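Grab a pencil and work through a few exercises on one protein model. Try each task yourself before you read the solution.

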Amino acid sequence: MARSVIGIVIPALNESPTVGDVVRQTLEVIPDAVVVVVDDASDDGTDRIAREAGAIVVVHPQSKGYAEALRAGYRAVIDAGAERILQLDADGQHTPGDLPLLLDGLERYDLVIGSRFKGAGYPMSRPRRIGIAACQVMVRACGLNVSDPTSGIRAMRLSVARPLVEFGYPDGLTESSFLVWLLRRGLTIGEVPVTMRPAGSASMHDGFAGIVHFGKIVKSTASVALRRRA
């Protein structure tokens, strides 16, 4: 029986110092994967470096944001025949060597999250840690016990990716509200331990932007939780 195609999606915005290494290390770990980098309107040559490293590159002329970059990547790898889909960031925070662990998790779950808290630990600011803890509380209140609901290194089956390609993430958010959205559709979610490194660039959710983003997560999670079960 032929092995199913593995697709790997890497969203990127001005990640020229790190994206090449991420792509190369990813292909070393899973050589036969279809690796797609979605360049969300970078102006530093991210697209060229990713292409030279061996990735297929989708370029957004204007920035559409993280969730839409992932959506474009899912569409590209599904069009290439992928049945199992992985994602990781281009900033060097995620470890490509952990990807096989997430793939193994797809034997049991529809979505697998790479948890930094089940791994070797991860240094972060107190506000960021408080925000993640609050997201943990929200998803647990909805019946899902996961330690790292905001993690961006994930694996998913087509049953998860196809609706995202068609409809997008609920409210354009990839964190708690999305997980509750999946749960209410009867899909299963699990975690595996991963090692995360400090990101090579500043987070888009630092400072006041992080406060605004967290407010959106709270509002969206409450909205999804209160909707009628699909």
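Below are five exercises, each with a worked solution.

A quick note before starting: this is a predicted model, so local features need pLDDT of at least 70, side-chain atom pairs count only at pLDDT 80 or more, and totals for chains, interfaces and linings use all residues. Residues are numbered from 1 along each chain as its sequence is written, and side-chain values use heavy atoms, with hydrogens and water left out.

**Exercise 1. Get an overview of the protein chain.**

Step 1: take stock of the secondary structure, using DSSP runs numbered from the N terminus (helices are H or I, at least four residues; strands are E, at least two). The protein chain has eight helices and seven strands.

Step 2: check burial, where buried means under 20% relative accessible area, exposed over 50% and partly exposed in between (1.4 Å probe, protein chains only). Of the 230 residues, 52% count as buried.

Step 3: look at contacts, meaning heavy atoms within 4.5 Å. Among those between residues at least 6 apart in sequence, 76% join residues at least 24 apart.

**Exercise 2. Work out how H1 packs on H2.**

Step 1: fit the axes, which are lines through C-alpha atoms over the stretch in contact, with angles from 0 to 180 degrees between N-to-C directions. Helix H1 (residues 19–29) and helix H2 (residues 46–53) meet at about 25°, their axes 8 Å apart.

Step 2: name the arrangement. That angle makes H1 roughly parallel to H2, a label for angles under 35 degrees (over 145 is roughly antiparallel, 65 to 115 roughly perpendicular, the rest oblique).

Step 3: list who touches whom. H1 brings Val19, Gly20, Val23, Arg24 and Leu27, while H2 brings Thr46, Ile49, Ala50 and Ala53.

**Exercise 3. Now do H6 and H7.**

Step 1: the angle here is about 115°, and the axes are 12 Å apart.

Step 2: the contact pairs Val160, Pro163 and Leu164 of H6 with Phe178, Trp181 and Leu182 of H7.

Step 3: ask how enclosed H7 is. Seven of the eight residues of H7 (residues 176–183) are buried, so the rest of the structure largely encloses this helix. The buried ones are Ser176, Ser177, Phe178, Leu179, Val180, Trp181 and Leu182.

**Exercise 4. Hunt for aromatic pairs.**

Step 1: search the whole structure for ring centres within 6.5 Å, counting Phe, Tyr and the six-membered ring of Trp (planes under 30 degrees apart are stacked, over 60 edge-to-face, the rest tilted). Three pairs turn up.

Step 2: inspect Tyr74 and Tyr169. Their pair is tilted, at 6.4 Å centre to centre and 50° between the planes. Tyr74 sits in helix H3 (residues 66–79) and Tyr169 in the loop between helix H6 (158–167) and H7, so the pair ties together parts 95 residues apart in sequence.

Step 3: check burial and company. Both Tyr74 and Tyr169 are buried, and they form one aromatic cluster with Phe178 and Trp181.

**Exercise 5. Describe two loop residues, Leu88 and Ser147****.**

Step 1: Leu88 lies between strand S4 (82–87) and helix H4 (99–105). Its relative accessibility is 0%, so Leu88 counts as buried.

Step 2: Leu88 and Ile153 are 65 residues apart in sequence but 4.5 Å apart in space, C-alpha to C-alpha.

Step 3: Ser147 belongs to the loop between helix H5 (126–141) and strand S6 (154–157). Ser147 is buried too, with a relative accessible area of 13%. Beyond neighbours within four places in sequence, Ser147 has contacts including Ser115, Phe117, Lys118 and Glu191.
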